[in-house]
Amino acid sequence: MIENSFNRRGFLKVLGWGGATVALSGCGNTSVEDGKEFVTSYVQTADYIIPSIGTYFNSTCAQCDAGCGIMGRVREGRVLKLEGNPKSSINNGKMCGLGQAGVQAHYNPDRIREPLLRNGDKGEAITWEKALGLINEKVGGVKAENIAFLTGGVSGHVKALLKNYLDALGSGHHYVYEAVAPSIMRAANKKAYGIEMPRLRLDKAKVIVSFGADFLGAWISPVHFSQQYARFRKADNGERGVLVQVESKMTLTGANADRWLAIRPGTEGILALGLINALAAAGLSVPGDVAAVVKEYTTDRVSKDTGVSTEHIGRLAALLKERSPSLVIAGSAAEGYAHGSQNATAIALLNQVLGNVGKTVEAPSSVPFPQMAPATGNRLALQSLNDNVAQDKVKVLFTYGVNPVFTAPASMKLKENLKKVPFKVVFAHYMDETALEADLVLPLNSALEDWATAMPEYVAEGAQLNIQQPLMEKLYPGTLGMGDILLALLKQRRPDEYKGYEDFYSYLRSAMVSNKGALGGLATDDDTFWDATLSHGVVKLAGTPVNMSGSPSAKGLVVPGPFAEDSAYPFHLIPAVSASLRDGRNANEPWLQESPDPLTTIVWDSWVEMHPKTAAKLGIVEGDIVEVASRSGAIKAQAYVFTGIHPDVISVPLGNGHEALGRYAKGIGVNAFKILDSVFDKETGELAMHETRVKVSKAGQRVVIVKDEGPAGGNQMGRKIAVRMSSNKVNLSGEV
Amino acid sequence: MSMLSRRQSNCLLGELLTMYCFLRFSILLVGLIVSAGSYAVSAAQPLTTADDLGPKVEQPIEFPHDRHAGDAAKGGMQINCMYCHTYARRSIVAGIPPLQKCIGCHQNIESVRETPRIKKLFEYWEAKKAVPWKKVHDLPDFVRFNHERHIQRFVFAQNKPVQEACGYCHGDVKTMTVARRQKPLSMGWCVSCHQKDHPVDATSTKTTHGPNDCWQCHK
């Protein structure tokens with residue numbers, strides 16, 4: 001919605017004047033800048049640097065945690081465009097739109113350019129020397145146990161340095177927080193298979209049943225899964241895989257599925273157990289204790305609980321029985337409840353019963369350097385930090401790579417609690433909500449200016465160390481890399497150990513070169529090894545597959561029945577994770593705001609998605625401003641009526657609603673994180689993201705939604721351009 | 001012509017100023033088309049054109065092109081243009097040589113080492129700062145001129161002397177100190193040459209025109 005007075009028409013008018021001015025100056029040739037512009041001029045250059053001709057350098061994408069290899073086109077010392085690095089087994093030369101927008105994270109005009117120290121309400125620019133001295137003074141003045149680091153997922157040499165710094169301080173408090181990580185699924189996998197993140201072989205599966213895992217959009221490693229998905233759809237033997245997506249709110253993956261089943265929220269585990277029961281009845285061998293647990297999940301009961309028709313359950317069971325190997329995936333939709341662990345366990349059990357473990361659920365490789373292995377984040381970490389802060393146990397807090405003030409639910413009172421921390425240091429690229437609360441803000445190099453190594457959590461083949469190297473000179477002299485800052489801090493504490501390293505680059509080079517044997521460079525000299533490493537952008541490591549353990553067991557598995565009706569808050573809120581905005585850290589990249597949401601085609605805003613039946617019941621039409629209120633708060637946004645959602649569900653996308661983060665993000669849309677209720681998964685203690693109940697009411701206004709699709713939505717105005725048929729008229733198991 | 005009139009009517013709908021602009025533009029175009037007609041002669045024509053001096057550009061160092069590239073009889077070194085403007089044959093821009101190239105020769109030329117310009121040059125070198133040369137030949141951003149194509153055609157295929165080939169557009173640089181734009185570099189001026197017949201290569205009697213498609217330059 002466009003609320004201010006500068007509307008579309010006004011915008012076009014101004015554009016018209018602008019156009020006229022441009023045309024006028026074109027006539028007088030004043031756009032020609034003889035004697036004004038400078039020519040590209042170098043002091044020294046490599047032979048391959050030719051003005052106007054691009055040179056490609058390999059690096060690693062930092063837009064999400066998937067860790068795709070990228071190739072940046074650099075011309076006249078400026079990085080212009082990113083492509084995928086073919087040498088990376090994660091993305092094999094491909095790239096997503098989020099990754100493409102990486103240049104906008106780099107050239108963003110709202111980047112912080114020098115260290116800022118709080119002076120009342122303002123940040124005062126100070127030198128790095130003073131900033132690092134101040135940190136030294138502050139950490140020296142408190143007990144080590146009162147120092148805490150809150151970071152996103154970290155890996156590689158930065159993680160190793162961070163650990164060394166914490167050791168040097170004598171503190172072990174490192175909280176790793178990721179707002180939308182699949183942490184409950186990791187715990188369930190650990191229980192079922194003995195490992196947190198098995199390799200999923202979508203390409204080997206003949207049927208995929210995904211319980212809300214948006215693996216084509218925003219789940220774990222979407223570019224990699226999209227490539228596997230292509231092979232799954234067009235296998236070498238010509239057999240086309242069938243994808244069934246079970247979820248309460250349609251995701252991009254759901255939109256690509258052969259069959260999309262709208263399930264009553266929270267009942268995913270019941271359906272999984274019902275499928276095991278149906279498969280056992282059809283003759284699949286199921287261990288005795290599992291059979292005993294699932295036998296009460298008759299198709300009729302499961303259909304009643306989940307809202308999926310008995311016919312569809314029967315067909316799904318038949319499909320799974322007929323076509324093996326299959327793959328069942330538990331996504332964020334299944335794990336987002338207080339019984340999320342049980343849901344995920346039931347889904348893992350279905351995989352085991354189907355015999356997929358070892359076939360489509362494979363063991364990953366061990367990482368040869370455990371100190372560089374990824375530290376993956378969860379929501380429990382923020383919860384425990386928040387508790388410690390509330391009890392005045394944190395005196396100095398460092399924050400890196402996360403924006404908890406934006407992503408924490410309001411009911412957590414994190415922003416208020418943070419005021420109790422006497423000294424807060426935030427490492428940041430932009431003034432985000434968390435940086436605004438800081439006492440000291442340290443500006444970081446962008447991912448395209450910085451040195452680092454990274455080991456992604458999900459690697460497709462073997463183990464892999466990604467190299468992140470500068471694609472161009474720093475835009476602002478006042479920023480520093482995270483590695484450089486940690487090294488400078490370590491020099492304060494352990495000067496003897498680190499004084500030999502002039503900067504993080506020399507540390508990194510020396511660390512890599514001294515281990516070149518294990519990094520595949522045994523027979524080469526140091527320079528050749530290092531040049532090859534930088535040129536390839538990835539180092540493939542020889543990893544041995546870890547052992548997968550665990551046999552199908554239903555011990556301790558109690559999946560609760562469907563939710564009771566709640567007359568005060570009748571709807572379930574699903575905070576949707578979109579492929580572009582994720583947890584909101586990229587909301588200040590205009591390309592991402594401008595690219596339409598794949599399902600609703602809405603741009604530059606948030607919306608409240610609801611089923612036409614729900615909308616009719618509430619008297620809401622598209623564009624009505626509605627208030628979505630939970631027990632923890634309320635937000636107002638434009639309503640969007642859409643059939644790809646369960647009638648009991650209201651969905652609001654995450655990522656927008658920033659109060660800071662610069663000109664492209666501030667004031668756009670609403671923040672659905674804020675109204676999440678404090679309900680936690682019973683086993684892991686993770687915040688249950690889908691557990692919030694809401695009520696919806698009209699707020700009175702109505703706006704025209706800015707979106708790409710036509711005014712009549714997908715109904716083609718009755719012209720039958722693309723003819724379609726309802727899914728219950730198609731017998732997929734008969735067709736494929 | 002239909003395109004022209006549509007553009008005109010479009011601009012009538014627009015602001016007055018725009019209209020004025022397009023009218024001037026269309027008169028120019030009509031003029032071009034008329035003059036194009038009169039060029040329909042098949043023999044190879046000389047490529048020289050009238051001069052149209054650009055503004056004087058003040059450079060950080062007053063670089064003497066005459067001393068470097070000028071005739072030996074006039075005290076010049078007769079250095080090939082492409083010795084310094086080395087990118088011209090392989091890039092769309094001719095480029096300015098990196099400072100290391102200047103220093104590469106001048107560190108061995110003791111005789112001029114203490115002259116003001118060379119002292120300034122070494123100051124830049126010692127500070128490791130690139131010389132902020134100003135652009136002398138600029139084109140609007142919607143025009144893409146490719147040096148490589150022209151150098152490959154005239155110097156390497158047709159075997160023309162380098163200074164003559166560069167001089168078609170840049171004038172007689174070997175007689176100047178700091179370069180100054182000599183030719184209009186306008187679209188009409190480009191087209192006037194693209195419509196002439198040029199031999200395909202040094203030995204062939206076959207001739208051809210320069211490309212005439214809009215997208216060759218406006219991409």
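**Reading chain A and chain B of a predicted model**

The domain assignment of this predicted model splits chain A into domain 1 (38–107 + 448–478 + 503–543), domain 2 (112–177 + 379–444 + 481–499), domain 3 (183–362) and domain 4 (571–718).

Q: How many residues do domain 1 of chain A and domain 3 of chain A each bring to their contact?
A: Domain 1 of chain A gives 11 residues, and domain 3 of chain A gives seven residues. On the domain 1 side, seven are nonpolar, two polar and two charged. The C-alpha centres of these two domains of chain A lie 37 Å apart.

Q: What does the radius of gyration say about chain A?
A: Set it against the value for a compact globule. With 736 residues, such a globule would come near 27 Å; chain A has 27 Å, so the two agree. The C-alpha trace of chain A spans about 75 × 65 × 55 Å along its principal axes.

Q: What percentage of the residues of chain A count as buried?
A: Of its 736 residues, 51% do.

Q: Which contacts of chain A join residues at least 24 apart in sequence?
A: Start from contacts between residues at least 6 apart. In chain A, 74% of those join residues at least 24 apart. As for secondary structure, chain A holds 25 helices and 25 strands.

Q: Where does pLDDT stay under 50 in chain B?
A: Over residues 1–44. For that stretch of chain B the model has 33 contacts beyond four places in sequence. Across chain B, the mean pLDDT is 79, and 77% of residues reach 70 or more.

Q: What are the scores for the model?
A: ipTM is 0.72 and pTM is 0.84.

Key: Residues numbered from 1 in each chain as written. Chains lettered and ligands numbered in written order. Predicted model: local features only at pLDDT ≥ 70, side-chain atom pairs only at ≥ 80, totals over all residues. pLDDT = per-residue confidence, 0-100. Contact = placed C-beta atoms within 7 Å. Helix = DSSP H or I, 4+ residues; strand = E, 2+ residues; numbered from the N terminus. Rg over C-alpha atoms; globule rule 2.2 N^0.38 Å. Buried ≥ 20, exposed ≤ 12 C-beta atoms within 10 Å, placed from the backbone. Domains from an automatic or database assignment. Nonpolar A, V, L, I, M, F, W, Y, C, P; charged D, E, K, R; others polar.
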